[in-house]
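Take a walk through this fold with the model open beside you. Begin with the sheet, then turn to the helices and the unusual backbone spots.

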Amino acid sequence: MELKQYWLIVKRRLLLIVLIIAVSCLSIGIYSYYFITPQYDASAKLIVNQTKDSSSLIPSIDLGSINTTIGLIKTYKEIIKTPRLMKIVVKEYPELGVTHGELIGKVSVSSVNETQVMSISVRDNSYEKAANIANAVAVVFQQKIPELMKVDNVSVLDKADPTESHDPVAPNAKLNIAVAFMLALMFGVGISFLLDYLDDTVKTEEDIENLLGVPVLTSIPRFKESDFEDRNNNAPIPTGRENNVSLDS
C-alpha cells in the first residue's frame, strides 16, 4: 500500500480521529485539573560525618573515610524508614496527625550524588505539612542515631521552610494532556486502518480492478441533485410561440 493510499484512509476517517483526540484530551484535562488532589514535595537535608566534633573533622577527611561514610548512608536510609523510628516521630509530633504507616508511605530517602549528604523528602497534599514532617523525621533521626549506632555523626544541614510557597509537583496536567494526545492519535489512526480493513465494499476504480482483475475502461460520475437543479437554473427560459397577428384598420 502506497503512502497516498495511507493518507486517503486517514482522510476518510479524519473526523473520527479528531473526535477521539478531542474527547481524550478534554477528559484527561478535566480529570487532571479538577479531580486529582495536588501533591507537594518538601525535603530536609542531613550530613553524615566521621565525628560530631568539628575540630577533629578536617584532619580526619580522606578518601577512605568518605567512602566509609557513603557506605554508612545506605544503612541510615533503611533505618529512617523503619516502623520503630516512625513511631517515635508520631509520638513526639502528634500535631502531624499521621500514623507511622502513613509516614513510611510519604517519606523517601536519597543520597545527593553519592555524597555525605542525605535528603529526606516528603510528599503530601499540603506543602506546609510536608515540610513539617520532613523536619520532624530529620530531627528525630539525628537524636536517635547515637543510641542506635553508638556514634554521633549526623547533623541537620538544612530544614524545609513551611511558610514558603511552592507549586505542586503533581499532577502535571500539560504532560498528561500531551500523552493523551499522542495515545489518542495512535488509537484513532489504528481504528481507521482497522475499519478500512474490515470494510469490503467497493468504492473506487482501484477496488474494482483488484476485485475483478481487469482494467476499468470508463466510469460514470456521480450525479447529485444539486447538479440537476443548477442545470435547470442555467437553461434558457422559453418565450413561447410568437404572435404575428395584425389588426386591420
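Strand 2 and strand 3, residues 117-124, pair in the antiparallel sense, and the pairing runs over five bridges. Within this pairing, S108 stands opposite S121 of strand 3. The model is a predicted one. Five residues lie between the two strands of this hairpin, and N113 takes a positive phi near 50° there.

Stay with strand 2, which spans residues 107-111. Which residues of strand 2 are on the covered face, and which on the uncovered one? V107, V109 and S111 make up the covered face. S108 and S110 make up the uncovered face. In a regular strand, side chains alternate between the two faces of the sheet.

S111 belongs to strand 2 and deserves a closer look. A polar contact of 3.3 Å links the side chain of S111 to that of K77. Beyond its neighbours within four places in sequence, S111 is in contact with I73, K77, V117 and M118.

Now widen the view to the sheet. Four strands form an open sheet, ordered 2-3-1-4, with antiparallel pairing. Strand 2 and strand 4 are the edge strands, because each of them pairs on one side only. Ignoring direction, neighbouring strands of this sheet are turned by 30° against each other on average.

What lies across the strands? Helix 6 lies across strand 1 (40-48), strand 2, strand 3 and strand 4. Relative to strand 1, helix 6 runs at about 20°.

Helix 6 covers residues 127-149. N135 lies in this helix. Is N135 buried or exposed? Its relative accessibility is 12%, so N135 counts as buried. The side chain of N135 reaches the backbone nitrogen of A160 at 2.8 Å. Leaving out neighbours within four places in sequence, the contacts of N135 are A44, K159, A160 and P162.

Another residue to find is V89, in helix 4, residues 83-92. V89 has 0% relative accessibility and therefore counts as buried. Along the sequence, V89 and V137 are 48 residues apart. In space, their C-alpha atoms are 6.2 Å apart. V137 is also among the contacts of V89, together with L96, L103, A136 and V140, when neighbours within four places in sequence are set aside.

Next, look at a pair of helices. Two packed helices are described by the angle between their axes and the distance between the axes. Helix 1 (residues 3-12) and helix 7 (residues 173-198) have axes that come within 9 Å and cross at roughly 100°. Helix 1 is therefore roughly perpendicular to helix 7. Which residues meet here? From helix 1 come Y6, I9, V10 and R12. From helix 7 come S192, F193 and D196. The residues of this contact divide into four nonpolar, one polar and two charged.

Then check the backbone. Most residues other than glycine have a negative phi, and most peptide bonds are trans. K150 has a positive phi of about 60°, although K150 is not a glycine. Where is K150? K150 sits in the loop between helix 6 and strand 4. With 71% relative accessibility, K150 counts as exposed. A second spot is the bond between A170 and P171, which is a cis peptide bond with omega about 0°. P171 is found in the loop between strand 4 (154-158) and helix 7.

Finally, step back to the whole chain. How many helices and strands does the protein chain have? There are nine helices and four strands. Along the sequence, their pattern reads α-α-β-α-α-α-β-β-α-β-α-α-α. Of the 249 residues in the protein chain, 24% are buried. Consider also the contacts in the protein chain with a separation of 6 or more: residues 24 or more positions apart account for 75% of them. The pair V89 and V137, 48 residues apart in sequence, is one to revisit in the model.

Notes. Residues are numbered from 1 along each chain as its sequence is written. This is a predicted model: local features need pLDDT of at least 70, side-chain atom pairs count only at pLDDT 80 or more; totals for chains, interfaces and linings use all residues. Side-chain values use heavy atoms; hydrogens and water are left out. Buried means under 20% relative accessible area, exposed over 50%, partly exposed in between (1.4 Å probe, protein chains only). Axes are lines fitted to C-alpha atoms, for helices over the stretch in contact, and angles run from 0 to 180 degrees between N-to-C directions. Angles under 35 degrees count as roughly parallel, over 145 as roughly antiparallel, 65 to 115 as roughly perpendicular and the rest as oblique. Contact means heavy atoms within 4.5 Å. Ala, Val, Leu, Ile, Met, Phe, Trp, Tyr, Cys and Pro count as nonpolar, Asp, Glu, Lys and Arg as charged, and the others, Gly among them, as polar. A polar contact is a pair of N or O atoms within 3.5 Å; within protein, one must be able to donate a hydrogen and the other to accept it, and residues adjacent in sequence count only if both atoms are side-chain atoms.
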